[in-house]
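I opened the notebook with a short list of things to look up. Here is what I found, in the order I checked it.

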Amino acid sequence: MNIEELNKNHGIDGQVKFMEGAGGFPFIRVDNAKGGAVISVYGGQVLSFQPANEQNLMFLSEAAYYEAGKGIKGGAPVCWPWFGPDPQQQGRPVHGFVRTRLWNVIKTETTGNGDSKVTLGLSDTAETRAIWPHAFDLDLEVTVGNSLNLELITRNKDTAPFSITQALHTYFKVGHIDRITILGLEGVSYLDKVDNYAQKTQAGAITINSEVDRIYQDVQKELVIDDTAYDRRIRIQSSDSRTAVVWNPWARISAQMGDLKDDDYEHFVCVETANAGSEVVEVAAGGECRVAANYLIERNIPELKPAA
Ligand SMILES: O=P(O)(O)OC[C@H]1O[C@@H](O)[C@H](O)[C@@H](O)[C@@H]1O
């Protein structure tokens with residue numbers, strides 16, 4: 001992909017700029033009055049989002065790999081057409097294959113309210129059909145404004161239905177893992193991956209003090225990460241998703257992962273907007289399905305302040 005041509009065809013003066021990023025991958029720098037973002041065309045992956053006068057929303061590992069065939073650790077990887085291990089146990093990659101593909105730039109635009117919108121896309125090729133034998137168009141629409149909006153659209157170009165699971169596997173930056181609470185999953189049942197997929201029920205808000213890897217099912221629309229270290233709340237509003245995945249690797253796994261520093265687990269949590277576990281989506285021939293997440297940072301919430 002030629003950066004000069006990308007800028008000529010899709011750059012927007014002062015707002016959307018293409019550049020060569022880490023690993024030689026094309027990156028997109030988005031800036032407007034409300035916030036900024038960096039998007040990698042490799043992986044179709046937002047790497048950072050920073051509303052004006054705010055800390056970054058996202059964790060991006062300093063030890064991340066920027067190499068063809070490897071996922072970039074951090075930001076918002078796209079897991080598709082399956083979430084987690086290969087559902088057919090054929091040794092295909094965990095979380096599918098689109099996070100390790102170079103996507104196409106479909107279009108860039110400024111919306112009516114001054115947000116910047118970038119649409120990336122990926123379609124089947126002989127190589128993808130050898131991994132997953134279906135014809136598809138996959139689009140990711142990234143809208144950068146006061147909040148960050150991600151919408152993933154799957155179109156089935158085949159003559160037969162296909163089934164997918166999927167996730168927006170976002171890594172949220174937190175002040176310290178000891179100082180966060182995740183709200184909105186109280187009383188919700190989940191599969192506990194660190195306890196052999198045992199089915200459990202969430203008692204109260206989530207706090208994290210050991211490895212957590214859970215698939216929550218029948219989830220309502222809004223979740224909140226309440227971060228008292230950064231004195232902010234991240235509001236996660238999901239559409240067309242009934243599954244939420246909460247993941248923190250904790251110390252041992254963080255130290256084992258080559259693309260995380262030993263203590264990185266203290267500074268992120270993944271709260272993923274998904275269709276996964278028992279929520280498998282069937283897409284009719286010629287049909288489409290969507291999943292979307294909106295991330296908004298709120299600060300200085302009066303009800304969080306101690307009474308005067
Ligand atoms: O592939 P990544 O980005 O390292 O993420 C891996 C993790 O992703 C999470 O979504 C899964 O629930 C975990 O089981 C898994 O370990």
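My first query: in which loop does histidine 169 lie? I found it between strand S11 (166–168) and strand S12 (171–173). I kept in mind that this is a predicted model.

Next I checked its surroundings. Histidine 169 has 24 other C-beta atoms within 10 Å, and 20 or more is the cut-off, so I noted it as buried. Setting aside neighbours within four places in sequence, I listed the contacts of histidine 169 as Ala76, Pro77, Cys79, His95, Cys270 and Glu272.

That last name sent me to glutamate 272, which I located in strand S20 (residues 268–275). Glutamate 272 is buried too, because 26 C-beta neighbours fall inside 10 Å. With the sequence neighbours again left out, its contacts include Ala167, Leu168, His169 and Thr170, and Ala244 and Val245 are also on the list.

Then I looked at the record. The unreviewed UniProt entry carries the annotation "active site" for His169 and Glu272. They span 104 residues in sequence, but their C-alpha atoms are no more than 4.8 Å apart, so the annotated residues gather at one spot.

Last, I went through the confidence values. The mean pLDDT of the protein is 96, with 97% of its residues at 70 or more. For the complex, the predictor gives an ipTM of 0.97 and a pTM of 0.96. I flagged residues 304–308, where pLDDT stays under 50 and the model has zero contacts beyond four places in sequence. Where pLDDT is low, predicted coordinates should not be read in detail.

Conventions
Residues numbered from 1 in each chain as written. Predicted model: local features only at pLDDT ≥ 70, side-chain atom pairs only at ≥ 80, totals over all residues. pLDDT = per-residue confidence, 0-100. Contact = placed C-beta atoms within 7 Å. UniProt positions renumbered as here; feature names shortened; annotations may be inferred. Helix = DSSP H or I, 4+ residues; strand = E, 2+ residues; numbered from the N terminus. Buried ≥ 20, exposed ≤ 12 C-beta atoms within 10 Å, placed from the backbone.
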